[in-house]
Amino acid sequence: MDNNLKRTIILEHYSHPINRGLIEDDSYIKSNMNNESCIDEIDLMAKLEDGKIIDIRFDGEACAICTSCTSIMIETLTNKTIEQAKEIINNFENMIGEKEYDENILEQAIVYDEIAKQPNRKKCALLPWWGISKIIEK
């Protein structure tokens, strides 16, 4: 993917993140994630029904990478089964960790394929994915 296109996608998701704002609904499972080495602190909430992710929402204060990555994660995982989500999450984590991964299932999350070149940004990208993993495991 062209670097300019990657930048455009990241900036669009940072400027206009999907599903920003939490709601009052006890049917959602919640998770709070923070990065002690920077300002990133996000609250995630997800609604799971019949083995499927129905909705994911978030709020908090975070850098451009964390905010855009959360938005892209929401877009990627919503309406996926738990098993599909686990496979996507595993592949995303492998990509960030510079291990073997299947780029074909990552959808727009592939825009972070070079984040490993900036090791201090890895956790910014991984934070929402770790948060949704905690929710799925609950």
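**View 1. Helix 2 and helix 3 cross in a right-handed sense.** In this predicted model, the axes of helix 2 (residues 64-77) and helix 3 come within 10 Å and cross at roughly 145°. Helix 2 contributes Cys69, Thr76 and Leu77 to the contact, while helix 3 contributes Ala85, Ile88, Ile89 and Phe92. By residue class, this contact of helix 2 with helix 3 divides into six nonpolar residues, one polar and no charged.

**View 2. Helix 3 packs against helix 4 with a left-handed crossing.** Helix 3 (residues 82-96) and helix 4 (residues 122-137) have their axes 11 Å apart and pack at an angle of about 155°, which makes helix 3 roughly antiparallel to helix 4, given that angles over 145 degrees are counted in that class. On the side of helix 3, the residues in contact are Ile82, Ala85, Lys86, Ile88, Ile89, Phe92, Glu93 and Ile96, and they meet Lys122, Ala125, Leu126, Trp129, Trp130, Ile132, Ser133, Ile136 and Glu137 in helix 4. The residues of this contact of helix 3 with helix 4 comprise twelve nonpolar, one polar and four charged.

**View 3. Phenylalanine 92 and tyrosine 112 form an edge-to-face pair.** Searching the whole structure yields two aromatic pairs. In the pair shown here, the ring centres of phenylalanine 92 and tyrosine 112 lie 6.4 Å apart with the planes at 75°, so the arrangement is edge-to-face, the threshold for that class being over 60 degrees. The pair links distant parts of the chain, since phenylalanine 92 belongs to helix 3 and tyrosine 112 to the loop between helix 3 and helix 4, 20 residues apart. Phenylalanine 92, at 0% relative accessibility, counts as buried, and tyrosine 112 is likewise buried, with a relative accessible area of 2%.

**View 4. Phenylalanine 92 and tryptophan 129 form a stacked pair.** The rings of phenylalanine 92 and tryptophan 129 have their centres 4.2 Å apart and their planes at 15°, so this pair is stacked, as planes under 30 degrees apart are classified. Here too distant parts of the chain are linked, with phenylalanine 92 in helix 3 and tryptophan 129 in helix 4, 37 residues apart. Tryptophan 129 has a relative accessibility of 0% and therefore counts as buried.

**View 5. Phe92, Tyr112 and Trp129 make up one aromatic cluster.** Within this cluster of Phe92, Tyr112 and Trp129, Phe92 is also among the helix 3 residues that contact helix 2, and both Phe92 and Trp129 are listed in the contact of helix 3 with helix 4.

How values were computed. Residues are numbered from 1 along each chain as its sequence is written. This is a predicted model: local features need pLDDT of at least 70, side-chain atom pairs count only at pLDDT 80 or more; totals for chains, interfaces and linings use all residues. Side-chain values use heavy atoms; hydrogens and water are left out. Axes are lines fitted to C-alpha atoms, for helices over the stretch in contact, and angles run from 0 to 180 degrees between N-to-C directions. Helices (H or I, at least four residues) and strands (E, at least two) are DSSP runs, numbered from the N terminus. Angles under 35 degrees count as roughly parallel, over 145 as roughly antiparallel, 65 to 115 as roughly perpendicular and the rest as oblique. A crossing is left-handed if the near helix is turned anticlockwise from the far one by less than a right angle, and right-handed if clockwise. Contact means heavy atoms within 4.5 Å. Ala, Val, Leu, Ile, Met, Phe, Trp, Tyr, Cys and Pro count as nonpolar, Asp, Glu, Lys and Arg as charged, and the others, Gly among them, as polar. Rings of Phe, Tyr and Trp (its six-membered ring) pair if their centres lie within 6.5 Å; planes under 30 degrees apart count as stacked, over 60 as edge-to-face and the rest as tilted. Buried means under 20% relative accessible area, exposed over 50%, partly exposed in between (1.4 Å probe, protein chains only).
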